[in-house]
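Work through these exercises with the sequence and the 3D view side by side. Try each task before you read its solution.

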Amino acid sequence: MSSSPSSVGINQSARRATARRGVVLFLSLVALFNALSVAVVVHTGNTAWFLALMWSVAASSLICRLVLREGIRDVSFRFGGRRVLFFLAAALAYPLVIGLVAYVIAWTTGLADYHSPPRGFPLGLLLAATVTTLVACLSTTGEEIGWRGYLLIRLIDAGVPRPVLVSGIIWALWHAPLIITGSYVVNGGGNRLAGLIGFAATTIAAAFVLARLRLESGSIWPAVVLHAGWNSIIQSAFDPATSGSGARLWLGEGGLLVASVAVLSAVLTTRGRWLALRAPGTSLDSSAGDGEAGGDQFLGAGPWRRFTGRVQRAEPGVSEAREG
């Protein structure tokens, strides 16, 4: 049985109000946990606290869900069948492509030097893209449950303009205290400001790709795999094979060349409209627990600057979403 327009409007208004409260509460908790974790890392010098910091993002989202009685279905932990396999493959390909393009350019142009690691670069890359990535999922799952499993969806539900861009900026700022204090080194030629700028550009660009994977698949797992693959492949395969005076400026997570390639890749891979799913088979118009697909939804259309815009909705049976 279909709902009346008035009841749909009431439900959407209630969802928007709840989402806005969720965003405020989530960001407050994330900031609190971030400050406490960074203080401990700076005081003790023990980077093992990074794992607690990453999972504090998931803890913040869980607290929000409990306080606001939102449930956990729209995280979403579902794989969604064979369709999601494509997004998982794309997630693993992203850091491989970024690494190969940026590092090979640096190695061949003299911006940095290549040297073969003790076990060889091909084997190191294979291990980083498989075993190390799987292990890294144990930590990146903590972040993605919060960033793409909660914040991104709530920003869209709350009607926040440019939700993908906003989520990327917040994600970058979350890393800033660790970089500024020198607890997390992202290169940038040894200059923390340069490293912070490069890292922010790379992170915001990656946020677009992560958002598309999460929304198109309706599952959190492609985002988890991309995040884990990035940490593993760049840090465990490409960085150990690189040396030279220019390596710290151009390469690494805060390297200017890596940032440039990441931004270009984001532009190319996030073109067009995005199908926006709360969970596999469930549009964002459906509540986390009703299980109804509703009309198709799309995020963005046209030039890249619009990708951060409002969700475009198509009525059932209409193939193209109208511009709002």
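**Exercise 1.** Where is Ile72 found: between which two helices?

Solution. This is a predicted model, where local features need pLDDT of at least 70, side-chain atom pairs count only at pLDDT 80 or more, and totals for chains, interfaces and linings use all residues. Residues are numbered from 1 along each chain as its sequence is written, and side-chain values use heavy atoms, with hydrogens and water left out.

Step 1: find helix H2 (49–67) and helix H3 (83–109). Helices are DSSP runs (H or I) of at least four residues, strands (E) of at least two, numbered from the N terminus.
Step 2: Ile72 sits in the loop between H2 and H3.

**Exercise 2.** Decide why Ile72 counts as partly exposed, and name its patch partners.

Solution. Step 1: learn the cut-offs: buried is under 20% relative accessible area, exposed is over 50%, and partly exposed is in between (1.4 Å probe, protein chains only).
Step 2: Ile72 has a relative accessible area of 49%, so it is partly exposed.
Step 3: Leu62, Leu66 and Phe77 join Ile72 in a nonpolar patch on the surface. Such patches take residues with over 30% relative accessible area and no salt bridge (a Lys or Arg side-chain nitrogen within 4 Å of an Asp or Glu carboxyl oxygen). Nonpolar side chains are joined within 5 Å.
Step 4: together the four have about 390 Å² of accessible area, computed by the Shrake-Rupley method with a 1.4 Å probe.

**Exercise 3.** Is His227 buried or exposed? Describe its surroundings.

Solution. Step 1: His227 belongs to helix H7 (residues 221–238).
Step 2: its relative accessibility is 6%, so His227 counts as buried.
Step 3: the side chains of His227 and Glu144 make a polar contact of 2.8 Å. The term means a pair of N or O atoms within 3.5 Å; within protein, one must be able to donate a hydrogen and the other to accept it, and residues adjacent in sequence count only if both atoms are side-chain atoms.
Step 4: leaving out residues up to four places away in sequence, His227 touches Thr140, Glu143, Glu144, Trp171 and Leu210. Contact means heavy atoms within 4.5 Å.

**Exercise 4.** Place Arg212 and classify it.

Solution. Step 1: look in helix H6 (residues 192–217) for Arg212.
Step 2: Arg212 is buried, because its relative accessible area is 17%.
Step 3: beyond four places in sequence, the residues that Arg212 touches include Thr269, Arg271 and Trp274.

Terms used:
Patch = residues over 30% accessible without salt bridge, like charges linked within 9 Å, V, L, I, M, F, W, Y side chains within 5 Å.
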